[in-house]
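Biologist: I'd like to go through this model with you and ask how each label was earned. Shall we look at it together?

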Amino acid sequence: MNDDVLNGAAILIVGAGFYGATLAERIATKLGRRVLVIDKRPHIGGNAYTEPDPTTGVEIHRYGPHLFHTSNEEVWRYLRNFTDFSAYRHRAFSTHRDQVYPLPINLATICQFFGRRFSPDEARAMIAEQSSELGDRLPSNLEEKAISLVGRRLYEAFIKGYTAKQWQTDPRELPAQVITRLPVRYNFEDGYFNDRFQGQPLDGYTAIFEKMLAHDLIETRLGVDFFDIRNLLPEGVPVVYTGPIDRYFDYAEGELGWRTIDIELEIMDTPDYQGTSIMNYADEAVPYTRVLEFRHFNPERQHTSGKTLIGREFSRFARRVDEPYYPIDTRRDQATYGRYVARMGREKNIHFGGRLGTYRYLDMHQAIGSALKAFETVFEPYFEGRLD
Ligand code: UDP
């Protein structure tokens, strides 16, 4: 076989999301190596891809809302090479029985829900009382973890129904970490994230990827499926694979459970539909999990169309043809993934990364952070040891 398919690249990166783009950029910039990035979709950016809506001009997050936040200074510094950030700090709300409550659950949510004033100590005592049903047992799944954090009544109001819609999986089968993404606060602080660095990219998410991949040594080919070119690769070429891990092994150990999202877009004839960027719907009677109003992610921009674009989010199990978003990660999935890990260890010249490649619910900053780490620990030593 010849080198044509690589066009002189020293490495092939499969997937132009945050993990793949970060590695491509580092390898080109720091090591001066040619990189070929492919993605089977017609655009860069993976699920962080955004684009302007032609009617309203607002930036649509095609694959669900992306909110940048990190406490990792290295990641923040790195990303700022490619974008400036707005001062956006996310605040969220949940509608339950036609009332709007602030999220994450904080003292304001607790006071409003129980209809009286609580001091932080009183609220703690009440929640402790309500979560006493767990006894000394350490919470081992999402339901137990949620009850230990907020007590049964708040769990049933704000978490049970939302989680049923989002995962369609028994909450006792879901990992406890899913719920620890949401802080719980015994004060009136209502920012969604605790992280030190937060904001939205001033020119949108896609512009970050355009800058990362703009290097002369990086070639990006879109609409190219790795499995169509796999057999054309020269022997021994290093590959970074950031696609679904079960797909890589042709599902030999079984399918991993993924959730995907459908977003139903609608242009509303008002400049402001819901007064905030994301409104969660806690009750199962409402079929969608949340309503996004994209213009509110960028309050610093001029929105002059007089209209607003909203998206209703519906969650469902991903089939093979769908874009996978969230690893479900039940015990069965963990066992399946364990068998894929054993297979990964036997593969040569390939590195698996990113959310799909490692079956982990990574946020953007975690995908970037793990790519920076892989660059230092795997790729820098690999290329520095080679003279060609
Ligand atoms: N969650 C919930 N109620 C809410 C928001 C979140 O029960 O109003 C639970 C739900 O199980 C969800 C998880 O917390 O999957 C993580 O929520 P997050 O908003 O971080 O999810 P993402 O934005 O990644 O979809």
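Biologist: What makes Tyr 251 partly exposed?

Modeller: Tyr 251 has 14 other C-beta atoms within 10 Å. A residue is buried with 20 or more other C-beta atoms within 10 Å of its own, exposed with 12 or fewer, and partly exposed in between, the C-beta atoms being placed from the backbone. The count of 14 falls in the middle class, so Tyr 251 is partly exposed. Before we go on: this is a predicted model, in which local features need pLDDT of at least 70 and side-chain atom pairs count only at pLDDT 80 or more, while totals for chains, interfaces and linings use all residues. Residues are numbered from 1 along each chain as its sequence is written.

Biologist: Why is the phi of Tyr 251 worth mentioning?

Modeller: Most residues other than glycine have a negative phi. Tyr 251 is not a glycine, and its phi is positive, near 60°. You'll find Tyr 251 in the loop between helix 9 (245-248) and strand 11. Helices here are DSSP runs of H or I with at least four residues, strands are runs of E with at least two, and both are numbered from the N terminus.

Biologist: And Tyr 359: buried or exposed?

Modeller: Buried: Tyr 359 has 25 C-beta neighbours inside 10 Å, so it passes the limit for that class. Its phi is also positive, about 50°, although Tyr 359 is not a glycine. The residue lies in the loop between helix 11 (354-358) and helix 12 (364-384).

Biologist: Which residues does the cis peptide bond join?

Modeller: Leu 103 and Pro 104, with omega at about -10°. Pro 104 lies in the loop between strand 7 and helix 3 (107-114). Most peptide bonds are trans.

Biologist: What makes strands 7 and 15 edge strands?

Modeller: Let's start with their sheet, an open one of seven strands in the order 7-6-12-13-14-11-15, with mixed pairing. Strand 7 (99-103) and strand 15 (326-327) each have a single partner strand, so one side of each has no neighbour in the sheet. Two strands pair if DSSP finds at least two bridges between them.

Biologist: How do you know that strand 11 and strand 14 pair?

Modeller: DSSP finds 10 bridges between strand 11 (258-268) and strand 14 (308-317), so the requirement for pairing is met. These two strands run antiparallel, and Glu 266 stands opposite Ile 310 in strand 14.

Biologist: How are the side chains of strand 1 arranged?

Modeller: In a regular strand the side chains alternate between the two faces of the sheet. In strand 1 (11-14), Ile 11 and Ile 13 point one way, Leu 12 and Val 14 the other, and all are buried. Four bridges join strand 1 to strand 2 (35-39), and the two run parallel. Ile 13 faces Val 37 across that pair, standing opposite it in strand 2.

Biologist: Which residues are closest to the ligand?

Modeller: The closest are Ile 159, Tyr 162, Thr 163, Arg 181 and Asn 280, from a shell of 13 residues (C-beta atom, placed from the backbone, within 6 Å). Helix 5 (142-167) gives the most to this shell, with five residues. Helix 6 (177-180) supplies at least two.

Biologist: How does that shell divide by residue type?

Modeller: Into eight nonpolar, four polar and one charged. Here Ala, Val, Leu, Ile, Met, Phe, Trp, Tyr, Cys and Pro count as nonpolar, Asp, Glu, Lys and Arg as charged, and the others, Gly among them, as polar.

Biologist: What makes the protein as compact as a globular one of its length?

Modeller: First, the protein has 12 helices and 16 strands. Its radius of gyration is 22 Å, close to the 21 Å from the globule rule for 388 residues, so the label follows. The radius is taken over C-alpha atoms, and the rule is 2.2 Å times the number of residues to the power 0.38. Buried residues make up 41% of the 388.

Biologist: Which residues does Ile 229 contact, apart from its neighbours within four places in sequence?

Modeller: Val 5 and Val 224, where contact means C-beta atoms, placed from the backbone, within 7 Å. Ile 229 lies in helix 8 (226-229). With 16 other C-beta atoms within 10 Å, Ile 229 is partly exposed.

Conventions: Two residues are in contact if their C-beta atoms, placed from the backbone, lie within 7 Å.
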